[in-house]
Amino acid sequence: MGASDARENYADHGCELVCSAASAPARSPLGKKGITPVVVRYLILSDLHANWEALDAVARESSGKYDKAVCCGDLIGYAADPNPVVQWVRDHCATVVRGNHDRACTGLDDLEWFNPVARAAALWTQKALTPELIDYTLGLAKGPLVLDGFEVAHGSPFDEDEYVLAATEAGHAFEYLECRLAFFGHTHVQGGFIWNQGRVETIGRVPAKRASETLEIDPECAYMINPGSVGQPRDGDPRAAWVLYDSDAHSVAYHRTPYDIESAQRKIRDAGLPAILADRLAVGR
Ligand code: ZN
């Protein structure tokens with residue numbers, strides 16, 4: 001997981017990070033009055049996009065390895081299983097921020113900014129999602145949210161719809177962080193960025209031949225961590241992407257999990273959704 005060249009000088013923006021919570025998590029084995037267990041292990045998911053086969057594989061692989069699950073948005077749109085995916089998130093994720101597709105698929109946004117494929121999927125999802133799960137999705141919070149010493153966003157910390165793809169964009173986004181650690185999605189690219197003494201370094205995805213890769217959190221640095229996409233990876237690896245964050249061990253473990261892509265593709269085609277949405281799952285683009 002190599003860090004690439006630095007391109008952004010943090011000092012040039014006169015920026016200060018005001019919170020060092022990532023380096024000072026609650027360490028007591030028991031909470032107030034000795035009854036509340038301290039949460040230390042987080043499952044971080046993003047961009048599930050109604051792909052049940054991918055989410056089911058991740059749920060099985062991560063089972064028993066986390067205390068609390070967090071979702072960075074885009075539960076729906078693109079694939080053919082919005083109801084089981086939203087239901088799973090509702091049942092398992094303590095904190096969820098909304099994504100742009102969650103707004104579009106529930107009628108909260110008009111679809112003029114969507115390309116024809118995304119628009120077709122949003123209109124299909126509006127009809128497929130149950131009224132109860134539409135209500136749940138409509139109630140999702142706008143990011144970023146601050147949670148237990150870290151932030152959760154869909155796009156960037158200053159705009160939920162902004163894509164943070166390059167180090168230059170990340171350098172700008174770091175200025176808006178309230179904590180030294182943030183999780184975000186939207187790009188469907190696993191990895192993220194490290195602010196290290198005024199330089200921004202890029203984190204790569206898990207190598208194709210490996211199932212996971214662990215990043216140690218340095219309290220002197222700041223981190224924007226992208227778990228990658230569960231349901232529609234676009235970083236060249238078709239395996240479902242996700243992250244485990246251990247606030248006690250100060251580490252982030254990136255994971256990739258194979259799943260039944262053919263079954264997810266068949267459902268997309270059978271639903272009459274655009275074929276490209278099935279085809280792209282096989283190549284992770
Ligand atoms: Zn997305």
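**Note on the strand pairings, helices and core of a predicted model**

1. Arg41 stands opposite Asp246 in β11. This pair is a convenient point of entry to the model, which is predicted. Strand β1 (residues 41–45) pairs with β11 in the antiparallel sense, and four bridges connect the two. The protein as a whole contains eight helices and 12 strands.

2. The other pairing of β11 to be noted here is with β12. Strand β12 (residues 251–257) runs antiparallel to β11, and seven bridges join the two strands. Within this pairing, Ala240 stands opposite Thr257 in β12. The hairpin formed by β11 and β12 has four residues between the strands, and His250 takes a positive phi near 55° there.

3. How much of strand β11 is buried? Five of the seven residues of this strand (residues 240–246) are buried, so β11 is largely enclosed by the rest of the structure. Helix α1 (residues 52–62) lies across β1, β11 and β12, and its direction makes an angle of about 30° with β11.

4. These strands belong to an open sheet of six strands with mixed pairing, in the order β3-β2-β1-β11-β12-β9. At its edges stand β3 (93–96) and β9 (212–216), each of which pairs on one side only. From one strand to the next, the twist averages 25°. The edge strand β9 is antiparallel to β12 and is joined to β12 by five bridges; here Glu213 stands opposite Tyr254 in β12.

5. Another open sheet of six strands, again with mixed pairing, has the order β4-β5-β6-β10-β7-β8. Why do β4 (145–147) and β8 (199–203) each have one side without a neighbour in the sheet? Both stand at the edges and have a single partner strand each, so one side of each is left unpaired in the sheet. The twist in this sheet averages 20° from one strand to the next.

6. Both parallel and antiparallel pairs can be cited from the sheet that contains β5 and β8. Strands β5 (residues 150–152) and β6 (residues 181–183) run parallel and are joined by two bridges; the bridge partner of Val152 in β6 is Phe183. Strand β7 (residues 191–196), in contrast, runs antiparallel to β8, with five bridges between them. Trp195 stands opposite Val200 in β8. β7 and β8 form a hairpin with two residues between them, and Gln197 in the turn has a positive phi of about 50°.

7. Cys72 merits a separate comment. This residue is found in the loop between β2 (68–71) and α2 (82–92). Is Cys72 buried or exposed? It counts as buried because 32 other C-beta atoms lie within 10 Å, where the cut-off for a buried residue is 20 or more. Leaving aside neighbours within four places in sequence, Cys72 is in contact with Ile44, Ser46, Val97, Val152, Ala153, His154, Phe183, Phe184 and Gly185. Two of the residues in that list, Val152 and Phe183, are the bridge partners of β5 and β6. The C-alpha atoms of Cys72 and Arg98 are separated by 7.0 Å, although the two residues are 26 residues apart along the chain.

8. On the interior in general, buried residues make up 47% of the 285 residues in the protein. The largest nonpolar core has 75 residues, and those with the most contacts inside it are Ile44, Val85 and Met224. Nonpolar side chains tend to be buried together in soluble globular proteins. Not counting residues up to four places away in sequence, Met224 touches Val164, Ala170, Ala173, Phe174, Ala182, Phe184, Gly192 and Phe193. Of the contacts in the protein with a separation of 6 or more, 75% are between residues 24 or more positions apart.

9. The final point concerns a pair of helices. The axes of helix α7 (residues 261–270) and helix α8 (residues 275–283) come within 8 Å and cross at roughly 170°. That angle makes α7 roughly antiparallel to α8, since angles over 145 degrees are classed in this way. Ile261, Ala264, Gln265, Ile268 and Arg269 of α7 make the contact with Ala275, Leu277, Ala278, Leu281 and Ala282 of α8. Classified by residue type, the contact of α7 with α8 has eight nonpolar, one polar and one charged residues.

Notes:
Residues numbered from 1 in each chain as written. Predicted model: local features only at pLDDT ≥ 70, side-chain atom pairs only at ≥ 80, totals over all residues. Buried ≥ 20, exposed ≤ 12 C-beta atoms within 10 Å, placed from the backbone. Contact = placed C-beta atoms within 7 Å. Axes fitted to C-alpha atoms, helices over the stretch in contact; angles between N-to-C directions. Parallel < 35°, antiparallel > 145°, perpendicular 65-115°, else oblique. Nonpolar A, V, L, I, M, F, W, Y, C, P; charged D, E, K, R; others polar. Pairing = 2+ DSSP bridges. Core = buried A, V, L, I, M, F, W, Y, C linked by C-beta atoms within 7 Å.
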